Amino acid sequence: MLILVLNAGSSSLKYQLINAETGEVKASGLCERIGIDGVMKHEIAEYRKLVIDHPMPTHKEAIEFMLNILTHDDTQVIASIDEISAIGHRVVHGGEYFKRSTLINKSVIRKIEELIPLAPLHNPAHILGINICQELMPGKPNVAVFDTAFHQTMPEENYLYAVPHEDYTEHHLRKYGFHGTSHFYVSGEAIKMLDKKDTKVIVCHLGNGSSICAVKNGKSVDTTMGLTPLEGLIMGTRSGDIDAGVVPYLMEKKGMDTHHIIDYLNKKSGILGISGISSDLREVIRAANEGDHRSKICIEMLCNRIRKYIASYTAVLGGVDAICFTAGIGENADLIREKVCTGLEFLGVEIDKKKNKIRESTNREINKDSSKVKIYVIPTKEEYVIAQDTYKLVK
Ligand code: ADP
């Protein structure tokens, strides 16, 4: 069964056409600069890559163009869109409504709409993507897979903030957590690798956006992102945890308004803000190797924050069987994995520096044989999970 997986952002659209039974990715790509000019990067089953400039004034033209590329001429991978059985949509915020993936109907769309104040950039784009798919591929089932759903198992004491309770009951103010599809997949792979009954797993999803999740017997019990994806780790351009007192201080000192503060903490902080060089960690590592002080400090701060959360989540779980690294940084940056694990020996964490340096794209173990805690590198497969959930619901 062929599933089209869509991730509609405010000016972008990521897609994959996946055979749900075999996991084979028949084609994948990214439309960028929607509403500006439009560029598509399209890949056919990992052997042919194309970059096409094509006007995409709205998401509709982007989706139409993608369907055209999939079905026509020498880029054809399917004879017609009839071969697509269903569409799986990544939806960032499912609030407390959605504890699992769901078939989309009018009431589901209304709820995703209701949650716009909690995800003002993402949820409107998802609704747009869903509406366009319903228009261009009428009659085909659409499924929503939520970033927040996996974390709905968190206990109250972990998701409530220490603020007046009526703001939770009246305004839904609580920790939701994100990257749920990735944490679900990676912890599931780790549980298979551990091959034991009761499991305590810590997943470090380290990409442009980063979060850590404590997973007990397959269920999320705590995670670093909060009401929004700003809380927790130091990220590409996001500050992560910060004293809330910083906000009024900056407003007064620099005359900033809410819009400026949101921009400052989300787009100008993190790796970019500390290093002053880039939000891309590769460039910061390069600069640190050339002696740049701020880049060196940035790497130390990044790793300290991750290490602190691993130790605190070990306390939350009452121990830890495996620490997993995933996403762009987690899968590729051996320096960061080594630095994070160094200093955690008191928990029984012993990294094997040679195994850590080996580059592979499969699941692998990088701890010493004597390590009490397993250390895994597990490439995340969010689109695969979306395709699987869609397949299960449609079948
Ligand atoms: P997104 O959250 O946008 O999906 P990714 O998971 O692709 O992001 O991660 C992007 C991050 O991974 C960037 O900061 C990039 O610098 C980093 N990264 C990728 N490869 C490496 C590497 N070899 N060493 C260090 N950082 C890397």
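This report covers the ligand site and the helix packing in a predicted model.

**The ligand shell**

The ligand is surrounded by 14 residues. Those that come nearest are Asn 208, Asp 280, Leu 281, Gly 328 and Arg 359. Sorted by class, the shell holds 5 nonpolar, 6 polar and 3 charged residues.

Polar backbone atoms approach oxygen atoms of the ligand at several residues, including those in the table.

| Residue | Protein side | Ligand side | Distance |
|---|---|---|---|
| Leu 281 | polar backbone atom | oxygen atom | 3.0 Å |
| Gly 209 | polar backbone atom | oxygen atom | 3.4 Å |
| Ile 329 | backbone N or O atom | oxygen atom | 3.4 Å |

How much of the ligand's accessible area does the protein cover? On its own, the ligand has 580 Å² of accessible area, and the protein covers 71% of it.

Two or more shell residues come from each of two elements: α10, spanning 281–289, and α12, spanning 327–332. Helix α12 gives the largest share, with 4 residues. Leu 281, where α10 begins, is among the residues that come nearest to the ligand. Its backbone also supplies the 3.0 Å approach to a ligand oxygen. Gly 328 is another of the nearest residues, and its number falls within the α12 range.

**Helix packing**

Packed helix pairs are described by two values: the angle between the axes and the distance between them.

Start with α10, which also contributes to the ligand shell. It packs with α11 at an angle of about 125°, and the axes are 8 Å apart. The two helices are therefore oblique to each other. Helix α10 passes α11 in a left-handed crossing.

Helix α11 covers residues 293–317. It also packs with α13, residues 334–341. Here the angle is about 50° and the axes lie 9 Å apart. That makes α11 oblique to α13. Which hand does the crossing of α11 and α13 have? It is right-handed.

Helix α11 thus takes part in both pairs: with α10 and with α13.

Definitions and conventions. Residues numbered from 1 in each chain as written. Predicted model: local features only at pLDDT ≥ 70, side-chain atom pairs only at ≥ 80, totals over all residues. Heavy atoms only, no water. Near = heavy atom within 4 Å. Polar contact = N/O pair within 3.5 Å; in protein donor to acceptor, adjacent residues only side chain to side chain. Areas by Shrake-Rupley, 256 points an atom, 1.4 Å probe, with all protein chains shown as cover. Nonpolar A, V, L, I, M, F, W, Y, C, P; charged D, E, K, R; others polar. Axes fitted to C-alpha atoms, helices over the stretch in contact; angles between N-to-C directions. Parallel < 35°, antiparallel > 145°, perpendicular 65-115°, else oblique. Left-handed = near helix turned anticlockwise from the far one by under 90°.
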